[in-house]
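Here are some worked exercises to try with the model open beside you. Have a go at each task before you read its solution.

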Protein chains: 4
Amino acid sequence: MQSTMNTNLEQFLKNNRSYITWDLAHLAHVELLSPKLDESIRFFTETLGMYLTETTGDSAYLRAYDDYEHHTLKLTAHKHSGIGHFAWRTRTPEALEARVKAIEAQGLGFGWQDHECDYGKAYRFRYPDGHECELYFDTNKFKPSAETQSALKNTASKFPARGMNVRRLDHMNLLAKDIVAFRDFQFGTLGGRMSETIEFEDGPKGVWVSVNSKSYDLAITEDHSGFSGRFHHVCYAVNSREEVLIAADIALENGVFIETGPHKHAVQQTFFLYLYEPGGNRIEIANPTARLILDPDYETIVWNKEERLKGQAWGLKTVESFHTRGTPTPEELSI
Amino acid sequence: MQSTMNTNLEQFLKNNRSYITWDLAHLAHVELLSPKLDESIRFFTETLGMYLTETTGDSAYLRAYDDYEHHTLKLTAHKHSGIGHFAWRTRTPEALEARVKAIEAQGLGFGWQDHECDYGKAYRFRYPDGHECELYFDTNKFKPSAETQSALKNTASKFPARGMNVRRLDHMNLLAKDIVAFRDFQFGTLGGRMSETIEFEDGPKGVWVSVNSKSYDLAITEDHSGFSGRFHHVCYAVNSREEVLIAADIALENGVFIETGPHKHAVQQTFFLYLYEPGGNRIEIANPTARLILDPDYETIVWNKEERLKGQAWGLKTVESFHTRGTPTPEELSI
Amino acid sequence: MQSTMNTNLEQFLKNNRSYITWDLAHLAHVELLSPKLDESIRFFTETLGMYLTETTGDSAYLRAYDDYEHHTLKLTAHKHSGIGHFAWRTRTPEALEARVKAIEAQGLGFGWQDHECDYGKAYRFRYPDGHECELYFDTNKFKPSAETQSALKNTASKFPARGMNVRRLDHMNLLAKDIVAFRDFQFGTLGGRMSETIEFEDGPKGVWVSVNSKSYDLAITEDHSGFSGRFHHVCYAVNSREEVLIAADIALENGVFIETGPHKHAVQQTFFLYLYEPGGNRIEIANPTARLILDPDYETIVWNKEERLKGQAWGLKTVESFHTRGTPTPEELSI
Amino acid sequence: MQSTMNTNLEQFLKNNRSYITWDLAHLAHVELLSPKLDESIRFFTETLGMYLTETTGDSAYLRAYDDYEHHTLKLTAHKHSGIGHFAWRTRTPEALEARVKAIEAQGLGFGWQDHECDYGKAYRFRYPDGHECELYFDTNKFKPSAETQSALKNTASKFPARGMNVRRLDHMNLLAKDIVAFRDFQFGTLGGRMSETIEFEDGPKGVWVSVNSKSYDLAITEDHSGFSGRFHHVCYAVNSREEVLIAADIALENGVFIETGPHKHAVQQTFFLYLYEPGGNRIEIANPTARLILDPDYETIVWNKEERLKGQAWGLKTVESFHTRGTPTPEELSI
């Protein structure tokens, strides 16, 4: 299923250094599709403790208490689950122009548009597996009201004291048929460092993309379903591993399905908890501990098959659905 | 200010073993007086995350999510702050009878009454400094509704996921002019072990009462104000020290006055946070870590003046108000 | 495999109240057998962070930093793994006499002996499945040296800052063929409350024994191996769930086998991590959070088969070995 | 005491955007001077849990378990305490050349040198208050031995399970007479963003420098002592706030002086603990929670005098020594 025209890992790592641009600042927002919009909104506001910034027609815009922009999550009513689009914010206006030029050279661009919610302009394009994405620099920063103002001026808004109290958007995981094609596009056209990868004898199974000091903002793992453009999960960070454990109790108490965790991933060391939101999409709650990548010529960590068969960091066997389930599901798509 | 007719510490400790009865099971509930009842109710339900079980006339009855009885806190509208009464539950009906007999022998009893809220009968009496107390065995256990039912049947009710998520009543601290009189009454008439005490050259300044495996359910410290029957604080426990830190943020974000903490007491090792509720009473949020007293012939820890001058466990100087402020305040009493 | 002459659960619970005596103070110590004594000693001192109090001949005596007695763990060189004996400390000398009388009436007593390590006298007997046990009151409390003295006088010895930093012995789990026989003996002859039990249609599968405010000091679960007197695990408590997570990393880094966890048991809510020590015995590291049983007429929690099939609290499926593996193992016994 | 020729805050913030370069990757290492070298080495290895990489003559080189280079701390025997030099690693070799050119234009450069410990070449210069610093790109990455190899290949070395288990160098705080001069040099010549600043009516009192997604790698605060080139503290990060609390207990148990904390700074939200190492220098143990600065056009947080008078985040009054004590101390310098 891997494209044949692209680089193998050895070549890729050799070229890696010249691939890196730092034009992307961070994963900015994700649009999730939900067949149960009202329940999804309730889940993110009451269970995760997020703030609802705005609702317009079929969509709701939300942010975690320390997200600095208007929203990091857009929920859109749809007949099935999955991802609408996602967005990277660039480091400068010039970086935006440079990345757009590179995308257009690949023929994957849709063109400029007015970003919704008064952000300014954005450039829309698609990733090789079909996921829609936008790049932008101009934004609409969240301005707290008296009610949402934090007592600490270095916090974007008030600690909610409600549900899981998620702090900020952390990362997203997509699924794709062709990991090599994704890797070449991401690092060759958009930039970032490949912080970790899973590489079996027949090619890469997963790639982690780091664009700042976090060890990843985006992961892409292999989709065996035959479908394109599917979504694996989006992750919100909490301040401590203790709060991930508390999140598990909150899920249990509120009938939220826990797919797996809390436990620690070997890959990236993430202390994770995976839930399904009412619309069917997988949501992760995680804590980054003190890990950061500060080394400017960090070398990619490569995990082979034998290492992955050991399970998660402390030996937990990965549940089967984690390898297979994406949204939309085959059931939804065949209706 | 200490009574002269009573035992000194050396004599007390020598007699200590014979003092111990295990007739008291645990501190059962506390009635706080509040000049701002509605705000106090909101504080305990929204900020501490407690459940409101019942309201009747000028009082409200509340419990933490894992308190097993109808209430552990009664809030009563009053012109000033302070304590209405508090209660011990006894270990058996026979233990109740035995303690009542001992109280009556001291002439401090008021007599039997029907305990409110369908608990059954209770015996009301007063401590030497005037604090009203009741003993009872028959009770009214909390029966969760569909909405408050926990997913874990060994939890009294659903984890609230709201505010500080306090788990259970932990202990209470009263103030008294005469610590020796308190000590003799508590251990001679009611029972329990003196787990720790502060003893200066001129006598005891504080006494900690343990009646089960917890290292204390009640503390009494010296009142220099000239008033009687005053209240120092009541403490609710959370599941981790991390949650005490989170509680501090919640207090900060919601304009709740933080008197001191989070920090660790040298005495009892309690990881503490002291707040004032809207009615003016001091409230502690604490975590017990894994400390328990399991030793059946545990020897009282005695702290002298030099040791106390070192401050709290990690060196924090105790704020002055912690030594002087009780409720009701002199200002309230002089109106 | 259950004895037919004994009570069923309904009868048992009806009689439960009269069964309760509070003569046992706490689980006092456990003797583990190890075919690799030196490695086991190193595991408990370096990996768990325990103190070695004494070594005599083929045995080593250890304690966690806040255990108040000379030892809570005895390690004895042996050709196979398993348990040598364990001990309860009674609440008073009179309680000891009363329990011995009850044991002798059952014909399970071996008689009085001089307890090792200068504790005084102890009474040795066996449980129905053959586990040897002793009761004692007189003890040998740990007296810290300058080197092991804690800066806080209410801590038994200095926080080790080494390995997992376990605080105190928490509980033990034995295996037995006949759970009804165990239950009748424990509660009818020795005392305690049955805090929780697993009861399938064909009888009890596990019983949890609480003798103080902790929700259990001893658990007994069904042994399907055909062998008698086997051991499931002993648990040491740490101060926080965060430290259980850290313990998992320490196990991973030091090649200690992690059987399952960290995760939260539905039964008893224990936040657990199960390891195998070099001698082959299963060791648990756990944190009790703030849970205590303070209710003097607490009602036994009964878990049925359907509830147990849900897995652990957050959905983790219990690993098969947890249900089957005890020490000594069939392999060791057949040599 | 502020230089008059430099920009005021308003001007500075207006120019801020054009000041930012991202040529610095991270704070790389700090050289501390110690009059008690052996005790200092023991403190950092046994109490903080750091690894000793190398010792040469009068110096020792250390790193935390997840520091990726040969060392992040150099300890050098000296007649007094204080800082020898510190270092930034640049993002690329080209970034290094560009910054050196800018420094030389300021006349503050000393020139190129062979970096010790086989790192390659480095450029040495001084900051306006006299602190010596070096810039370099080529480095010597830590290569673990069998004994120090982590079980997780994305961790630089094995979790030590010893003392405070610090994970990585987090940031450093220097003292300077002229904050404006520091600010202009740092941001005008070296780059980075000013994430937070304390600005009183008579000028800036402190500046926080962020060069990656962390909210600061370097802080500079005002020195009132009349001396130049002094050091305030260096900070190592642990994985959780719980471990900062444990670090406080380890300090207490081992006679390490705790100056203040654990508590939360309002500025930067750092959960802090300040200790003095045997050589006299102030050391911080902290946890960053999940806070990061991802916003590429983040606006500087400005704290005024009134806000600073509120004390730390939860109200703790800052201890006087924190405002006045630097190393070397006036006592050391007057000998």
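**Exercise 1: a strand and its neighbours**

Eight of the nine residues of strand β9 (residues 168–176) of chain D are buried, so β9(D) is largely enclosed by the rest of the structure. Here a residue counts as buried if 20 or more other C-beta atoms lie within 10 Å of its own, as exposed if 12 or fewer do, and as partly exposed in between, with C-beta atoms placed from the backbone. Strands (E, at least two residues) and helices (H or I, at least four) are DSSP runs, numbered from the N terminus.

Before going on, please note the ground rules. This is a predicted model, in which local features need pLDDT of at least 70 and side-chain atom pairs count only at pLDDT 80 or more, while totals for chains, interfaces and linings use all residues. Residues are numbered from 1 along each chain as its sequence is written, and chains are lettered from A and ligands numbered from 1 in the order in which they are written.

*Task.* Find the strands joined to β9(D) by bridges, and give the direction of each pairing.

*Solution.*
- Step 1. Strand β13 (residues 231–237) of chain D runs antiparallel to β9(D), and six bridges join the two. Across this pairing, D:Leu174 stands opposite D:Phe231.
- Step 2. Strand β12 (residues 218–222) of chain D runs parallel to β9(D), with five bridges between them. Here D:Leu175 has D:Thr221 as its bridge partner.
- Step 3. Both meet the pairing rule, under which DSSP must find at least two bridges between two strands.

**Exercise 2: the sheet in chain A**

*Task.* Work out the strand order of the nine-strand open sheet in chain A, then place a helix against it.

*Solution.*
- Step 1. The order is β14-β15-β16-β13-β9-β12-β11-β10-β17 (chain A), and the pairing is mixed.
- Step 2. β14 and β17 (301–303) of chain A are the edge strands, each pairing on one side only.
- Step 3. From one strand to the next, the twist averages 20°; angles run from 0 to 180 degrees between N-to-C directions, and axes are lines fitted to C-alpha atoms, for helices over the stretch in contact.
- Step 4. Look at β11 (residues 203–210) of chain A: four bridges join it to β12(A), and the two run antiparallel. A:Gly206 is paired with A:Thr221.
- Step 5. Helix α4 (residues 179–190) of chain A lies across β9, β10, β11 and β12 of chain A, at about 25° to β11(A).

**Exercise 3: a helix in chain D**

*Task.* Which residues of helix α2 (residues 37–47) of chain D are buried, and what covers them?

*Solution.*
- Step 1. The buried residues of α2(D) are D:Leu37, D:Ser40, D:Ile41, D:Phe43, D:Phe44 and D:Thr47.
- Step 2. Their cover includes β1, β2, β3, β4 and α5 of chain D; contact requires C-beta atoms, placed from the backbone, within 7 Å.
- Step 3. Just after α2(D), D:Gly49 has a positive phi of about 80°.

**Exercise 4: two copies**

*Task.* How are chains A and D related?

*Solution.*
- Step 1. A turn of 180° and a shift of 0.0 Å along the axis lay chain A on chain D with an RMSD of 0.0 Å, by least squares on the C-alpha atoms of residues with pLDDT of at least 70 in both.
- Step 2. The two copies are thus related as by a two-fold rotation axis.
- Step 3. The contact takes 34 residues from chain A and 34 residues from chain D.

Notes: Contact = placed C-beta atoms within 7 Å.
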